[in-house]
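Student: Got a minute to walk through this one with me? I'd like to start with the aromatics and then wander.

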Amino acid sequence: MYDTGTQLTEEPIRDGAGIEATPATLPLWHRARHNARISLKFYASVSRLALGQSRWIAASGALGALSLGLVGIGMATLVTPYEGVASASLTADRAPRVVAFDLTPTDTDGPRAIVEIQPTDDFHTASLADPGMFIDEMTDDAADAEAEIQAAEPREVEVTVALASGETLTEVLSKAGADRIDAYHAVAAMSAHYSPRKLRAGQEISLSFMEMPNGIDDMESETPARYLTAIALQPDIERAIEVTRDADGSFSGRETMREFTEGFARAAGTIDNSLFLDGERAGLPPQIIIEMIRMYSYSVDFQREIQPGDKFDVYFSRKFDEDNNPVKEGDVLYASLSVGGKTHKLWRFDPGDGVWDYFDENGQSMKKFLMKTPVDGARLSSGFGMRRHPILGYSRLHSGVDFAAPTGTPIYAAGDGTVQRANRFGSYGNYVSIRHANGYETAYAHMNGFARGVRAGTRVRQGQVIGYVGTTGASTGPHLHYEVHLHGKKTNPLALKVPTGRKLEGPQLAAFKAQREAMSTQMAEAPLTTRMAHAGAETDAAN
């Protein structure tokens, strides 16, 4: 081998203090400088050996070695400040600081560090974990504001909302401030006990929230964040539905049924104006008066046959709360209506097949094949026959009867049948026609709208709501135009003789008579008053 004159063995090196030390005992930056010097000598020697001592090539090698040395020095400079640092500490201000190295030879392998402990009050050390020196200090006002926010606690808020027409429960909850996902899960929990689709417009719903103070949940929002915790509603007097948030954040629902005492009430009175008006004066609830009108609508024309001096007597069930206050009306068990000196008595009875009905003293059902007046509380405004048309101005056949009533009054199917059409029909406006058995067909015109589910092909039951009174088509005011067709021929509905309903016989008739006698005894024991607020209540149900 050629001798380049360069020795690569470790030799003692003098530091800045003039003290000899081996490379292994020097600080990192001393070692980097020493290594760069050795690398320079090595590359220069190799260049002279391989390329024949060419000065130009030697100079190139020297420059390359110098570049590598500079790179090494740069890397050492970057790494040196973080040598021995394992992780950033939040308590860096309290850490000791190395201010110098004692290079006096000792028994240890390296120099001894001179350590100075700086008080935490004198300086602040910046680190990756504590960049406080680069951030402006918080002002007193900002500190007070932050302390006020941190001290504020969520508060419970209760609100009551009402369901609008066409609005869903989920939309109501979202509009009140509930998160849409929370609203979805809360409604799902309710559905196991009560279908939200049964809710009607105007239904009141109580909502409970945990409300966050301004600035905690959303620093940019002025509206407090709301956290839905409970939903409560009462779809009827006997039932309450509640949905609550559980500890794990999920929702669960439950249904509570109120218990009431069932009793009976009785009232009687004289008709001076109308059954509806005088019934209210006697204290009869509107539901009971409407039921009486339905009971007798097959055989009594309330517009033409009722006269001053006619009498009524009603015995019905109702429910009472724990303070004996009436809270809900029940069923009409017995009714008597005297019209023109003739008394019509009806009893409610179930023959045992699950289909109850009203029967007279002979066991004959009060139902007829078709109802005479398929609308409640209406006034007969125009009869059947020739008349001068109020819009066209000339006389023509009025092929039905008109019942004047407020817009929105329910219209009932006059009998069981199938809907033939339910749509707009020329001058009739909104129009429904129903085909019944034995060649009968009924028609209803000028309706304000159709009941839900009523369309061509739909089966309807007698007394089922099919639409509502209106003034559509060629009409001068809200009323129902009612027609009856028999085998295609238009017939006067008020003069129509239609077959009656079922008649009890054998064991069913015997059971009906026994129940009628028992009910007569109960009615005799019940106090007869003219105001329902003072009606007596009995706790034993009728058999």
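**Aromatics, cores and a sheet**

Tutor: Sure. Tyr334, Trp347, Phe349, Phe359 and Phe512 make up one aromatic cluster. Keep in mind that this is a predicted model.

Student: How many aromatic pairs are there in the whole structure?

Tutor: The search turns up 11. Take Phe425 and Tyr428: their rings are stacked, 5.7 Å centre to centre with 15° between the planes.

Student: Is Phe425 buried or partly exposed?

Tutor: Phe425 is partly exposed, because its relative accessible area is 32%, and buried would need under 20%.

Student: Which charged end sits over the ring of Phe425?

Tutor: That of Arg421, 3.9 Å from the ring centre. There's another such case at Trp356, where the charged end of Arg348 sits 3.6 Å from the centre of the ring.

Student: OK, switching to cores. Which residues have the most contacts inside the largest nonpolar one?

Tutor: Tyr296, Phe312, Tyr444 and Ile466, in a core of 54 residues. Helix α7, residues 286-296, supplies the largest share of this core, with 6 residues. Apart from that core lies another, of 22 residues, including Tyr194 and Leu233.

Student: Back to α7. Which of its residues are buried?

Tutor: Ile288, Ile289, Glu291, Met292, Ile293, Met295 and Tyr296.

Student: And what do the buried residues of α7 pack against?

Tutor: One helix, α6 (275-281), plus the strands β11 (311-320), β12 (326-339), β13 (342-349) and β14 (357-359).

Student: New topic: what's the strand order in the open sheet of 5 strands?

Tutor: The order is β5-β6-β7-β8-β9, and the pairing is antiparallel. β5 and β9 (251-257) are the edge strands, each pairing on one side only. From one strand to the next, the twist averages 20°.

Student: Let's go across it. How many bridges pair β5 with β6?

Tutor: There are 8, between residues 155-162 of β5 and residues 204-211 of β6. Glu156, for instance, has Met210 in β6 as its bridge partner. Next, 7 bridges join β6 to β7 (residues 226-236), and the partner of Ile205 in β7 is Leu233.

Student: Leu233 came up before, right?

Tutor: Yes, Leu233 is among the members of the 22-residue core. Val243 belongs to that core too, and Val243 in β8 is the bridge partner of Ile231. β7 and β8 (residues 239-245) pair over 5 bridges.

Student: Which helix lies across β7, β8 and β9?

Tutor: That's α5, residues 180-191, running at about 40° to β9. Ala186, whose number falls in that range, is listed in the 22-residue core as well.

Key: Residues numbered from 1 in each chain as written. Predicted model: local features only at pLDDT ≥ 70, side-chain atom pairs only at ≥ 80, totals over all residues. Heavy atoms only, no water. Core = buried A, V, L, I, M, F, W, Y, C linked by side-chain atoms within 4.5 Å. Buried < 20%, exposed > 50% of the residue type's maximum accessible area, 1.4 Å probe, protein only. Helix = DSSP H or I, 4+ residues; strand = E, 2+ residues; numbered from the N terminus. Contact = heavy atoms within 4.5 Å. Pairing = 2+ DSSP bridges. Phe/Tyr/Trp six-rings, centres within 6.5 Å; stacked < 30°, edge-to-face > 60°. Lys NZ or Arg CZ within 6 Å of the ring centre and 35° of its normal. Axes fitted to C-alpha atoms, helices over the stretch in contact; angles between N-to-C directions.
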